[in-house]
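Welcome! Take a moment to turn the structure around on your screen, and then we will walk through it together.

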Amino acid sequence: MIIPKLHYISQGNVPKEHLENIQKACTSGAELVQLRLKNVSNKKILKLAKEAREITSHFQTRLIINDHYKIAREVKADGVHLGKTDSCPTIARQHLYTWQIIGGTANTLQDCKTLISKEVDYIGLGPFRFTTTKDNLSPILGLNGYSAIIEALQTKTPIIGIGGITIEDVTSILETGISGIAVSGEITRNFNSIRTFSQLLNASSTDEKRHTFS
């Protein structure tokens, strides 16, 4: 499965808002959304995940569930994203369908190596800069951190940048060798930005195509 270059991570003050925002993201052309709910009961997450699956299926958007791999299996989501303190990808893999993907969060080179050894399908590497979305933020990486890790890794596993990323950052982030980005706040503030993000992320591949036509 090819991992889309833009991931929208759901945001909202109440669980219902997460679904409304996922709907808006899908309407605006998001290829992949992640349902990320914190401090909500498993029962409630299952209910919301089922609703999110209905929305995303309608738009043929991929759905990733944060943390809860059993729920990801039950609602037949496209995959699960595991944080550093969540379940081990190897254990999650045993419970998931073979076609479901697993992403993992990394902050250091060692985190990345560990996740690659556990055969994750993509890595969310961050934070790029300070973000209020996450409590207990890991050390900030910035462009230099990204470049150093990508260079040392030399991996085919897609690395997705995350953490306070704005439209202005996209071009320079891609230059580090990062393959895509995950965005929460910037998209939630303006769902029309999905189009701009996608254009910037696909610009490098469009340039190549443009030359073949001329």
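Which residue in S4 does Ile-65 stand opposite? The partner is Val-80. Please keep in mind that this is a predicted model.

That pair sits in a wider setting. Strand S3, residues 62-66, and strand S4, residues 79-82, pair in the parallel sense, with 3 bridges between them. In general, the strands of a sheet pair through backbone hydrogen bonds, in either a parallel or an antiparallel way. Here, 8 strands close into a barrel in the order S1-S2-S3-S4-S5-S6-S7-S8, with parallel pairing. From one strand to the next, the twist averages 25°.

Now look for the helices that lie across these strands. Helix H2 (residues 42-59) lies across strand S2 (32-35) and S3, and runs at about 160° to S3. Helix H5 (residues 109-117) lies across strand S5 (101-106) and strand S6 (122-125), at about 160° to S5.

The loops hold some backbone details to find. Most residues other than glycine have a negative phi, and most peptide bonds are trans. Two residues with a positive phi are listed here:

| Residue | Phi | Loop |
|---|---|---|
| Gln-60 | near 55° | between H2 and S3 |
| Gln-154 | about 50° | between H6 and strand S7 (159-162) |

Are they buried or exposed? Gln-60 counts as exposed because its relative accessibility is 74%, where over 50% is the cut-off. Gln-154 is exposed too, with a relative accessible area of 65%.

Finally, a cis peptide bond joins Gly-126 and Pro-127, with omega about 0°. Pro-127 lies in the loop between S6 and helix H6 (142-153).

How values were computed: Residues numbered from 1 in each chain as written. Predicted model: local features only at pLDDT ≥ 70, side-chain atom pairs only at ≥ 80, totals over all residues. Heavy atoms only, no water. Pairing = 2+ DSSP bridges. Helix = DSSP H or I, 4+ residues; strand = E, 2+ residues; numbered from the N terminus. Axes fitted to C-alpha atoms, helices over the stretch in contact; angles between N-to-C directions. Contact = heavy atoms within 4.5 Å. Buried < 20%, exposed > 50% of the residue type's maximum accessible area, 1.4 Å probe, protein only.
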